[in-house]
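Q: Please give a close account of the nonpolar core of this model and of the strands and aromatic rings that go with it. I should like a single connected description, written for someone who has the structure open.

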Amino acid sequence: MKKGFSVHKYVVLNNRKGFYLWAMKNDQLALYESISKDWVVLENFSGERIPLEIVSQEIKTIVTLANEPNLGLKVIDSGDIKLSPFYKIVTLSLGPALNKNIPLPSAFLIRLIVHYFKILTEVVEIDLQETGHSIHIIFRPNLPELFSYHQVEGAMLAVTRMIAHLQNHWPNQIEFEHKPNLIDLGIYLKTFRTYPLFEQANNQLIYNCTEYTALDATILINPFINSIEKQFPEISYKEKINLVICTTLGFLSPNIKTIANSLSMSVKTLQRRLNSENTTFNDILLEVRKKRVIEYLVAQQFTSQQISALLGYKAKSQFLRAFQVWFGMTPKQYRARLCNPTP
């Protein structure tokens, strides 16, 4: 899609505003004035984004001089979520359902929020692991050499706040790779509604989630895609469709007509665009399904019937035939091989 990681300018402005509020509250305005005079001028960068290196270096300077153990949490917590483009795009996409008080599957909501958030700010790469009983949202730094644990705490809180705001669903467990020198459990309880575990294998939010039902509501994918196109004009149609399928698979019918409608174009137009990129809708769908089915089998929590539905098949028999073609064995045999790998 592009070279190098970047961050939406709103994220930078929000970080700066949060630092100012912290400085004012803690009698550190002199520190704020000293640090802020060296900040880059955002208007000098065309478009809506600036390179991640600049953002990370700015944050590193702030947290080093501020010497505040939980500055990332306090900065994000001080912001008004409704002013964020993150909030505006997600609520616009979900508007038809939210306005009619139609309940949305938690897994779908989490997917939508995570897929858009990791585009809004590329400070972290975010992986979703769906196990059948829970969803693990794993955060990894994209530039570890400039990375501060304040950034991962802030990113994890931003995702938590959005999910909680839209569905009042809070994480059941939080894990951090780091451990602050001074631990204020009160700030974690206030922001995440639970106490974290430190020095763990991953930075992750874990949500109890068993709700995988088809969407019985209109979802507008257009605002989601239009925002990405505005930030990344060079994004390919393959990448757009991949994002839509990854977000909606198992909740909306994965056919080209549904996807074309979500992109406000005819099926023929979409086919032409994909042909120009030397791919097809079926190629993209197959790629996503094969990757997703391995994740589900590794989790060892889903039945074949559940996996069939999650991959968008109308019948279990269709899924089993497809799986045999892909891997030359049944899902049961594949699971057995995972449990007893040959040397």
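A: In this predicted model, the largest nonpolar core has 109 residues. Phe-19, Ile-137, Phe-139 and Leu-270 are the residues with the most contacts inside this core. The element that gives the most to the core is helix H6 (residues 106-120), which supplies eleven residues.

Leu-270 may be taken up at once. Leaving aside neighbours within four places in sequence, Leu-270 is in contact with Tyr-237, Ile-241, Ile-256, Ile-259, Ala-260, Leu-263 and Met-265. One of these contacts, Tyr-237, also has a charged partner: Lys-240 lies over the face of the Tyr-237 ring, at 3.8 Å from the ring centre.

The strands come next. Ile-137 and Phe-139, both among the residues with the most contacts inside the core, fall within the range of strand E4 (134-141). Six of the eight residues of E4 are buried, so the strand is largely enclosed by the rest of the structure. On one side of the pairing scheme, E4 is joined to strand E3 (124-130) by seven bridges, and the two strands run antiparallel. Within this pairing, Glu-130 has Ile-135 of E4 as its bridge partner. E3 and E4 form a hairpin with three residues between them. In the turn, Gly-132 has a positive phi of about 105°.

Thr-131 is placed in the loop between E3 and E4. Is Thr-131 buried or exposed? With a relative accessibility of 17%, Thr-131 counts as buried, because the cut-off for burial is under 20%. A polar atom of the Thr-131 side chain lies 3.5 Å from the backbone nitrogen of His-133. When neighbours within four places in sequence are left aside, Thr-131 is in contact with His-136, Ala-299, Gln-301 and Phe-302.

E4 also pairs with strand E6 (203-208). Six bridges join E4 to E6, and these strands run antiparallel. Phe-139, already named for its contacts inside the core, has Asn-203 as its bridge partner in E6. Strand E5 (residues 173-175) pairs with E6 as well, in the antiparallel sense and over three bridges. Here the bridge partner of Ile-174 is Leu-205 of E6. Five of the six residues of E6 are buried, so E6, like E4, is largely enclosed by the rest of the structure.

The aromatic rings form a further part of the picture. A pair of aromatic rings is described by the distance of the centres and the angle of the planes. A search of the whole structure finds 20 aromatic pairs. One of them is formed by Tyr-32 and Trp-39, an edge-to-face pair with 5.6 Å from centre to centre and 80° between the planes. Tyr-32 and Trp-39 are both buried. Another pair is that of Tyr-188 and Phe-198, with ring centres 5.5 Å apart and planes at 70°, so this pair is edge-to-face too. Tyr-188 lies in helix H8 (residues 185-192) and Phe-198 in the loop between H8 and E6, so the pair ties together parts that are ten residues apart in sequence. Tyr-188 is buried, with a relative accessible area of 0%. Phe-198 counts as buried at 14% relative accessibility.

Tyr-188 leads on to Asn-70, which is found in the loop between helix H3 (52-66) and helix H4 (71-77). Asn-70 counts as buried, at 2% relative accessibility. Not counting residues up to four places away in sequence, Asn-70 touches His-150, Glu-153, Asp-184, Ile-187 and Tyr-188. Asn-70 and His-150 are 80 residues apart along the chain, and their C-alpha atoms are separated by 6.7 Å.

Finally, one aromatic cluster is formed by Tyr-313, Phe-319, Phe-323, Trp-326, Phe-327 and Tyr-334. Tyr-313 also has a charged partner, since Arg-289 lies over the face of its ring, at 3.9 Å from the ring centre.

Definitions and conventions: Residues numbered from 1 in each chain as written. Heavy atoms only, no water. Helix = DSSP H or I, 4+ residues; strand = E, 2+ residues; numbered from the N terminus. Buried < 20%, exposed > 50% of the residue type's maximum accessible area, 1.4 Å probe, protein only. Polar contact = N/O pair within 3.5 Å; in protein donor to acceptor, adjacent residues only side chain to side chain. Contact = heavy atoms within 4.5 Å. Phe/Tyr/Trp six-rings, centres within 6.5 Å; stacked < 30°, edge-to-face > 60°. Lys NZ or Arg CZ within 6 Å of the ring centre and 35° of its normal. Pairing = 2+ DSSP bridges. Core = buried A, V, L, I, M, F, W, Y, C linked by side-chain atoms within 4.5 Å.
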